[in-house]
Amino acid sequence: MTLTVITESLPELIPPIALSFEVFNQCKTEVGKSSVARGIFEILEESAFIIGVLIINREVDSMYIPPFQFNASGTYSGGIAVLNTTSPLQIEGVTLPLGVSLIHELGHAVQYMEDPNAFESKFTTAQSGSSETTQFNITDSEGKALTKDIKNTLIALLSIENDNVARHEAPVCNDLNLPFRKKYI
Ligand SMILES: [Zn+2]
């Protein structure tokens, strides 16, 4: 099993909550009726990478920390999924089970494992703070040609997030008869 619930404090990261195992197991149960969710756990548990799950209740939102950014001296070769228990996803006024948030962050670990180089390239661009843009030629609803400049950081972010929502988060919500978003933004 290479999906590891983190129970020790790691340098630079918020310490895990005392009930991390219980919350993790509850999350797994919440999404367990979804075959897509079970598939994500299976991929990660059988992978050669070690993926950490850090469960916290303060300061930072749920996120995925890829291993090229922080890996605790090589321990978490597949990165760390950070889950903040106080900020579950809300869609269409419905508060989703925390397990869906966990699936979202673990979905990023799957994306990383599928193509580490491509993920690193997009992730690094998304976080670069660069103000460079790319020009897109689009057509408005009346058929008029327009050009639009979109920041490269946003393009990279959406390329990661929309793929994760489309392949992991939304299908799991759909399996569980929960409302879902089709796109990250
Ligand atoms: Zn995300």
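**A walk through the helices**

Helix H3 has 17 residues, which at 1.5 Å a residue should span 24 Å, and the C-alpha atoms at its ends are 25 Å apart, so the helix agrees with that expectation. The model in which this helix is seen is a predicted one, and the values given here are computed from its atoms. H3 is also mostly covered, since 15 of its 17 residues are buried.

One of the elements that meets H3 is helix H1. The axes of H1 and H3 come within 8 Å and cross at roughly 95 degrees. Because an angle from 65 to 115 degrees counts as roughly perpendicular, H1 is described as roughly perpendicular to H3. On the H1 side the residues that take part are Cys27, Lys28, Glu30 and Val31, and on the H3 side they are Leu98, Gly99, Val100, Leu102 and Ile103. Sorted by class, this contact of H1 with H3 has six nonpolar residues, one polar residue and two charged residues.

From here the reader can turn to helix H5, which covers residues 152-175. H5 has 24 residues, and the distance from its first C-alpha to its last is 33 Å, close to the 34 Å that would be expected at 1.5 Å a residue. The helix nevertheless has a bend of about 45 degrees, which is found at valine 165. Which residues of H5 are buried? They are Ile160, Glu161, Asn164, Val165, His168, Glu169, Ala170, Pro171, Val172 and Cys173, so that valine 165, the place of the bend, is itself one of the buried residues. In reading such a list it helps to remember that an α-helix has 3.6 residues a turn, so residues three or four places apart point the same way. What covers the buried residues of H5 includes helices H1, H2, H3 and H4.

Of these covering helices, H2 (residues 35-45) can be followed in some detail, for its axis and that of H5 come within 7 Å and cross at roughly 135 degrees. At this angle H2 is oblique to H5. The contact is made by Ser35, Val36, Ala37 and Ile40 of H2, together with His168, Pro171, Val172 and Asp175 of H5. By class, the contact has five nonpolar residues, two polar residues and one charged residue.

Alanine 37, which is found in helix H2, is worth a pause. Is this alanine 37 buried or exposed? Alanine 37 has 27 other C-beta atoms within 10 Å, and because 20 or more are needed for a residue to be called buried, alanine 37 counts as buried. Leaving aside the neighbours within four places in sequence, alanine 37 is in contact with Val31, Gly32, Ile103 and Val172. Among these partners, Val31 belongs to the H1 side of the contact with H3 and Ile103 to the H3 side, while Val172 is on the H5 side of the contact with H2. By contrast, the C-alpha atoms of alanine 37 and threonine 153, which are 116 residues apart along the chain, are separated by 29 Å.

Helix H4 holds threonine 124, a residue that is partly exposed, with 13 other C-beta atoms within 10 Å. Threonine 124 and leucine 157 are 33 residues apart in sequence, and their C-alpha atoms are 9.5 Å apart in space.

Outside the helices, proline 11 lies in the loop between strand S1 and H1, where it is exposed, with 7 other C-beta atoms within 10 Å. The C-alpha atoms of proline 11 and phenylalanine 21 are separated by 20 Å, although these two residues are 10 residues apart along the chain.

Two further residues deserve attention for their backbone angles. Most residues other than glycine have a negative phi. Serine 73, in the loop between strand S3 and strand S4, has a positive phi, near 55 degrees, and this serine 73 is exposed, with 8 other C-beta atoms within 10 Å. Asparagine 177, which is found in the segment after H5, likewise has a positive phi, of about 60 degrees, although it is not a glycine. With 9 C-beta neighbours inside 10 Å, asparagine 177 also counts as exposed.

Note on methods: Residues numbered from 1 in each chain as written. Predicted model: local features only at pLDDT ≥ 70, side-chain atom pairs only at ≥ 80, totals over all residues. Axes fitted to C-alpha atoms, helices over the stretch in contact; angles between N-to-C directions. Helix = DSSP H or I, 4+ residues; strand = E, 2+ residues; numbered from the N terminus. Parallel < 35°, antiparallel > 145°, perpendicular 65-115°, else oblique. Contact = placed C-beta atoms within 7 Å. Nonpolar A, V, L, I, M, F, W, Y, C, P; charged D, E, K, R; others polar. Expected span 1.5 Å × (residues − 1). Bend = angle between axes of the 7 residues up to and from the residue. Buried ≥ 20, exposed ≤ 12 C-beta atoms within 10 Å, placed from the backbone.
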